[in-house]
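Visitor: Could you take one part of this model and go through it closely, residue by residue, with the cut-offs behind each term? I would like one connected account.

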Amino acid sequence: MANRLKASAIRIKTPVEIERMRKVCRLAAETLRRAGEMVRPGVTLLEIDKFVHDFTFDNGAYPAPLNYEGFPKSVCLSVNEVVTHGIPDGYELKEGDIVNIDVTSRLDGYHGDCSAMFRAGAVSPEAERLCKAAREAMMRGIGAVRPGAFFADVGEAIEDYCDELGYSVVRDYCGHGIGRGFHEEPLVLHYRNSQRIRMAAGMIFTVEPMVNAGGWQVRTLQDGWTTVTADGSLSAQEEHTILVTRDGYEILTVE
Ligand code: MF3
Ligand code: CO
Ligand code: CO
């Protein structure tokens with residue numbers, strides 16, 4: 001399906017829309033930082049969810065995951081071997097856990113989407129190396145963004161980097177256009193592919209590679225959301241919302 005997407009279907013945002021996107025992305029980034037500051041041994045995932053819920057509403061925004069296709073909470077919290085879409089519950093973080101916090105805010109009809117890895121206390125060298133790799137993989141992908149580049153350049157930069165480290169890139173989930181819609185065209189694949197679609201100034205999309213210490217295969221649990229590595233290995237992810245500018249890119253999900 002991905003290779004049938006037409007470049008013409010990717011909306012170019014107007015200057016007014018870009019201003020609104022900057023605003024909601026700034027809020028998403030602030031929410032993510034503050035939620036991350038709560039991560040420590042003993043905190044429960046529900047406490048982090050409650051913070052994201054309340055802080056988002058206090059800022060006149062809506063937490064986009066809440067009731068999105070039936071998702072029951074305000075933020076995705078994915079611990080250790082959970083790859084993505086972890087549902088906050090009463091689990092208490094313990095020393096050594098790594099957790100991805102994925103915040104999506106909606107403000108004045110526009111969405112901002114970002115995620116990052118946080119550590120509960122001291123973590124193993126292996127976990128630390130994987131978290132750093134997820135950030136660098138995302139940054140390598142973002143580094144390929146400029147007008148005229150192919151979307152495939154993002155996937156190539158990410159997978160080449162992960163190959164060097166002996167890590168694998170999840171294939172079942174991808175980045176996405178974003179704006180009035182939480183998920184818009186195009187799909188942004190994080191692995192080598194032959195999508196011949198070019199970027200243009202004014203496009204906005206996410207780059208959000210999921211990097212596994214073991215194989216790329218994943219499976220989704222009975223709850224229909226929580227997705228874990230098939231081999232039980234650790235997984236890490238980072239995400240930014242990116243604007244294509246006239247000479248490169250702007251990371252919108254910053255404070
Ligand atoms: N924030 C995720 C993304 O990066 C999507 C989460 S969908 C939800 O695209 F329903 F799980 F919240
Ligand atoms: Co996203
Ligand atoms: Co996200």
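**A close look at helix 2**

Guide: Six residues of helix 2, namely Leu45, Ile48, Asp49, Val52, Phe55 and Thr56, are buried, a term that stands for under 20% relative accessible area, against over 50% for exposed and partly exposed in between, with a 1.4 Å probe and protein chains only. The model is predicted, so that local features need pLDDT of at least 70 and side-chain atom pairs 80 or more, while totals for chains, interfaces and linings use all residues. Residues are numbered from 1 along each chain as written, chains are lettered from A and ligands numbered from 1 in written order, and side-chain values use heavy atoms without hydrogens or water.

The helix itself runs over residues 45-58, which makes 14 residues; helices (H or I, at least four residues) and strands (E, at least two) are DSSP runs numbered from the N terminus. From the first C-alpha of helix 2 to its last the reach is 20 Å, close to the 20 Å expected at 1.5 Å a residue, the expected span being 1.5 Å times one less than the number of residues.

The buried residues listed above cover an arc of only 140 degrees around the axis, and therefore lie on the same side of helix 2; the arc is taken from the directions from the helix axis to the C-beta atoms. On the other side of helix 2, by contrast, Lys50 and Asp58 are exposed. As for what covers the buried residues, the elements in contact (heavy atoms within 4.5 Å) include helix 1 (15-37), strand 1 (62-63), strand 2 (76-79) and strand 4 (98-107), so that the cover of helix 2 includes both a helix and strands.

Aromatic side chains add a further layer to this picture. Across the whole structure a search finds five aromatic pairs, where the ring centres of Phe, Tyr or Trp (its six-membered ring) lie within 6.5 Å, and planes under 30 degrees apart are stacked, over 60 edge-to-face and the rest tilted. One of the five is Phe51 with Phe55, a stacked pair with 5.2 Å centre to centre and 25 degrees between the planes. Both of these residues belong to helix 2, where Phe51 and Phe55 are four residues apart, about one turn of the helix. Their accessibility classes are not shared: Phe51 counts as partly exposed because its relative accessibility is 22%, whereas Phe55 is buried because its relative accessible area is 14%. Phe57 and Tyr62 also form an aromatic pair, this one edge-to-face, with 5.7 Å centre to centre and 85 degrees between the planes. Phe57 is partly exposed, with a relative accessible area of 39%, and Tyr62 likewise counts as partly exposed, at 23%.

Tyr62 falls within strand 1 (62-63), one of the elements that cover the buried residues of helix 2, and Phe57 falls within helix 2 (residues 45-58). Between these two, just after the end of the helix, comes Gly60, whose phi is positive, near 75 degrees.

Read together, helix 2 has one side that carries its buried residues, with Lys50 and Asp58 exposed on the other. Phe55 belongs to both parts of this account, being among the buried residues of helix 2 and also the stacked partner of Phe51.
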